[in-house]
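Dear colleague,

Please find below the structure that I am handing over to you. A summary of what was found in it follows directly after.

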Amino acid sequence: MKVSIIVPFRNEIDFMEDCFASLEEQTSKDFNVIVVCDNSKKEDVEAISNRKVSFSYKVVELTKGTGVAAARNEGIRQSDGEYILFLDCDDYLTRDAIEDFIARSEGQDIVFARKRKTWFGRDAYYDDRKKKLDQYMVENNLNESEVNTSFDVEEEEEKNENDAYVRDLPEVRENDSEWIKVFYKMVKSNYAITGMTALGVLYKRDYIIKNNYYFDESFTYFSDLVYLTKVMCGTENVIQIRMVLYIKRKHNDPINLPSLSQISDTKNKMLEVMRAYLLMKEYIKGKDERAELYIDGKFIKYYVIKIAPFYLHGEPEEIPEVREMADKCLPLIQKAAKKKSMLYSQSLMKYSANHTSEQIAGKVRRHSARQTFFRLMRSKSAMKKYLYRKWFSKMELMNHTVVFESFLGRNYSDSPKYVYEYLCEKYPGKFNCIWIRGKHAKFDLPYPAKQVKRFSLKYFYYMGRAKYFVFNGRQPKYFIKREGTVFLETWHGTPLKRLVFDQNEVMSATPLYKRDVYLQSRSWDYLIAPNKFCSEIFARCFMFDNTMLETGYPRNDILHRSEEETKRMMAEIKAELGIPDGKKVILYAPTWRDDEYFDSGQYKFTLQLDLDMLREKLGDEYVVVLRTHYFIVDLLVMAAAVILMI
C-alpha cells in the first residue's frame with residue numbers, strides 16, 4: 001500500500017460524510033484509511049465501523065491518552081503504507097490528491113502541497129469554485145481549455161504577504177535549495193505562527209519511524225508547530241506541489257461544533273504557542289538562517305497582537321504565568337528579525353525586557369488609544385460608534401422611550417408598526433416613540449414620534465439610552481444590551497425555509513453568521529411566534545431560551561377586521577398600487593435564497609414564475625403582485641413591490 005491516511009475522530013460524525021466522500025472519489029485507490037476514535041460516542045464509533053466503503057480501512061479506538069496528537073500517534077503505529085498523510089475528519093481532499101502526491105513522492109521524505117480554506121462542505125465548495133472559475137474565464141476572456149493552474153493556485157496566502165508587524169524578511173531565490181523554498185512556504189502561507197500545520201503534507205513512513213517522529217501529546221492545540229519543524233529539520237529530501245490538494249474546512253458553527261482554534265482558552269493557548277516556539281528554535285538552529293528569521297517574524301507578530309495585550313485584558317491571576325514564559329522567549333528573537341519589525345513592535349519588545357506586566361499593559365493601552373484616536377479622526381462612523389459605546393450607553397436610561405425599526409429602517413411596516421399604533425392608541429402620551437428610518441425613507445406616521453436616520457448621531461444616542469426596543473430583524477452586532485432594557489423581537493416571517501442553526505451551509509452571509517445570530521439573539525428578552533409550529537422552530541434555530549410569546553404576529557391582527565373595513569382597505573391598496581378596479585390579485589412573495597448571491601451579504605433574485613404561461617392560463621382577469629424579501633439586491637429596482645400586469 002502506497003499511502004496510509006490517518007483520520008482522528010471525536011464525535012464529528014456530521015463532517016465525516018464529506019471526508020469519506022472525498023476518499024471515495026480519489027482517482028488513485030492506492031491507499032488505506034485508519035480512523036482513530038478518540039473517546040467518541042459508542043453509536044458514532046459503530047456508525048463509522050459499519051460504513052460500507054470502496055477502499056481499505058480500519059477503525060481503532062484510542063486507549064491511551066486523548067487529543068489530536070495522541071490520535072495521530074496511534075495512527076502512525078497502526079499504519080503500514082509507504083507514506084503517511086494526516087487528514088482531519090472535518091476536512092477533505094481534492095479528487096486527484098492521492099494521485100498527485102504519489103506522482104511526486106519518489107525519493108522524497110516530505111511532499112508539501114498547497115491547501116485552501118473554506119467554510120463549505122464539498123458540494124457547496126465545488127459549486128462555489130465553479131462560479132468563481134466561470135467568472136475568472138469571463139474576466140480574462142478564456143475558455144475552459146485555456147485555464148491553467150494559475151487559477152487553482154490563487155491562495156489566501158497571497159493576501160498575507162504584506163505583514164503589518166514584520167517587513168522585508170529575506171525571500172527565497174530561484175537557485176535556493178528546495179528545502180528553504182518549502183519551509184518558506186510553510187511559514188509564510190499562514191497569517192500567524194499558529195497557522196502552521198502538519199496537514200496537506202505527505203510523509204515517508206520509514207523516515208518517521210526511523211527517527212521516532214511522533215507528536216508531543218502534552219500539546220492540546222499546537223502540536224503541529226513542533227512536529228512540522230522537527231520533521232522538516234531532519235531531512236533535505238523535500239518537495240513542493242503547487243496544486244491545491246487539501247481542503248481545510250472551517251467550522252461555521254463555533255457555538256455547537258467549535259474547532260480547536262475556536263475554543264476559548266486564551267491563557268493555555270498562549271502558553272502552548274510559546275512552548276512550541278522554544279522547541280522550534282532548538283530544532284531550526286543550524287539550518288538556513290532565513291528559516292529562523294521567518295519563525296521569529298511570526299512570533300513577533302504573535303507577541304504584539306496576542307501576548308502583550310493579554311497583560312491588559314487577561315485575568316490578573318493568569319498574567320504571571322504568561323509573563324514568565326514570554327520572558328524566556330523574547331531574548332531568543334534574533335536582532336535581525338527585531339530590526340525588520342515595525343517601530344511599535346521594536347519598541348514594545350525592548351520595553352518588555354525591563355518593565356513590569358502592568359507597565360507593558362499601560363504601553364499597550366496608550367498605543368491602542370493613539371490608534372483609536374487616528375481611526376476616529378478618519379471615520380465619522382467610527383466616531384459615532386465610539387460615542388455610543390463610551391458615552392451614550394453609560395448615560396441614564398430613558399424609561400419611557402421606545403425605539404422601533406422595521407426591515408432595517410426601509411419602511412413603516414410589519415409588526416413594529418402595529419405595536420407602535422397600539423401603544424399610541426391605548427397609552428396616549430405615555431411613551432416617547434423613536435422610529436429608525438433608512439437613508440432615503442420618510443414615514444407618514446399616524447401618531448407623534450421622532451424619525452431618526454439610521455446610523456446618524458441621534459440614532460446612536462437613542463440606541464444607547466432607550467429602555468425599550470421593538471425590532472422585526474436583527475439589531476447591529478455592536479448593540480449593547482444594558483441592564484434594565486427590554487428587547488421585543490417580533491421577527492418577520494414564517495420559517496418555511498431553514499434558518500441559522502437549522503442550516504448546514506451558510507452560502508451568502510458572513511461565514512460566522514451562526515455565531516453572530518447567536519450573540520445577537522442573547523439580547524432578545526421576548527420573541528414573538530405566530531403559532532406553536534413557529535415557536536418550536538424559533539427556539540431551535542435561534543437557540544432562544546428566553547420568553548417566547550406565542551401570540552401571533554401583531555401585523556396579522558389586520559386580518560380580523562370587519563368585512564366592511566377590509567373592503568375599504570383593499571380598495572385603498574389597489575388604488576395606491578394602480579391596480580384596476582375589479583381585477584383579482586395574486587401575491588407572489590418569495591423569500592431570499594441562500595444560494596443566490598453576488599457576494600457575502602449581497603443577495604440576488606431570480607424570478608421563478610413563467611409569466612407567459614400565467615398570462616396564457618389566467619387571461620386578463622388577474623394581476624400578479626411581486627413582493628420581494630428585503631435582503632434582495634438585484635438589477636431590478638424594487639422599493640416595495642413590482643406589479644406585473646398579465
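**Findings: a pair of helices, two sheets and a buried loop residue**

I begin with a pair of helices: helix H14 and helix H15 cross in the right-handed sense. Please bear in mind throughout that the model is predicted. Helix H14 covers residues 343–352 and helix H15 covers residues 357–378; their axes come within 10 Å and cross at roughly 160°. Because angles over 145 degrees count as roughly antiparallel, this crossing makes H14 roughly antiparallel to H15. On the H14 side, the residues in contact are Tyr-344, Ser-347, Leu-348, Tyr-351 and Ser-352. They meet Gln-359, Ile-360, Lys-363, Val-364, Arg-366 and His-367 of H15. Sorted by class, the contact between H14 and H15 has 5 nonpolar, 4 polar and 2 charged residues.

For the wider setting, the protein chain has 646 residues, of which 50% count as buried. Its secondary structure comes to 22 helices and 20 strands. The C-alpha trace spans about 90 × 65 × 55 Å along its principal axes. If one takes the contacts between residues at least 6 apart in sequence, 72% of them join residues at least 24 apart.

I turn next to the sheets. As a general point, strands of a sheet pair through backbone hydrogen bonds, either parallel or antiparallel.

One open sheet has 8 strands in the order S3-S2-S1-S4-S7-S6-S8-S5, and its pairing is mixed. At its edges lie strand S3 (56–61) and strand S5 (92–93), each of which pairs on one side only. Strand S5 is joined by 2 bridges to strand S8 (residues 238–249), and the two run antiparallel. Within this pair, Leu-93 has Tyr-246 in S8 as its bridge partner. Two helices that pack on this sheet deserve your attention. Helix H2 (residues 42–49) touches strand S1 (3–9), strand S2 (31–37) and S3, and its direction makes about 160° with that of S3. Helix H3 (residues 68–78) touches S1, S2, S3 and strand S4 (83–86), and its direction makes about 150° with that of S1.

Another open sheet has 7 strands in the order S11-S10-S9-S12-S13-S14-S15, with parallel pairing. Here the edge strands are strand S11 (450–453) and strand S15 (547–549), each pairing on one side only. The twist from one strand to the next averages 20°. Inside this sheet, strand S9 (residues 398–405) and strand S10 (residues 432–437) pair in the parallel sense over 4 bridges. The bridge partner of Val-402 in S10 is Cys-433.

A further parallel pair is formed by strand S16 (residues 584–588) and S19, which are joined by 5 bridges. Val-585 has Val-623 in S19 as its bridge partner. Strand S19 (residues 622–626) is mostly covered, with 4 of its 5 residues buried.

Finally, is Met-507 buried or exposed? This residue is found in the loop between strand S13 (486–489) and helix H19 (513–521). Its relative accessible area is 14%. Because buried means under 20% relative accessible area, Met-507 counts as buried. The C-alpha atoms of Met-507 and Ser-357 are separated by 44 Å, and these two residues are 150 apart along the chain.

With kind regards

Conventions:
Residues numbered from 1 in each chain as written. Predicted model: local features only at pLDDT ≥ 70, side-chain atom pairs only at ≥ 80, totals over all residues. Heavy atoms only, no water. Buried < 20%, exposed > 50% of the residue type's maximum accessible area, 1.4 Å probe, protein only. Pairing = 2+ DSSP bridges. Axes fitted to C-alpha atoms, helices over the stretch in contact; angles between N-to-C directions. Parallel < 35°, antiparallel > 145°, perpendicular 65-115°, else oblique. Left-handed = near helix turned anticlockwise from the far one by under 90°. Contact = heavy atoms within 4.5 Å. Nonpolar A, V, L, I, M, F, W, Y, C, P; charged D, E, K, R; others polar.
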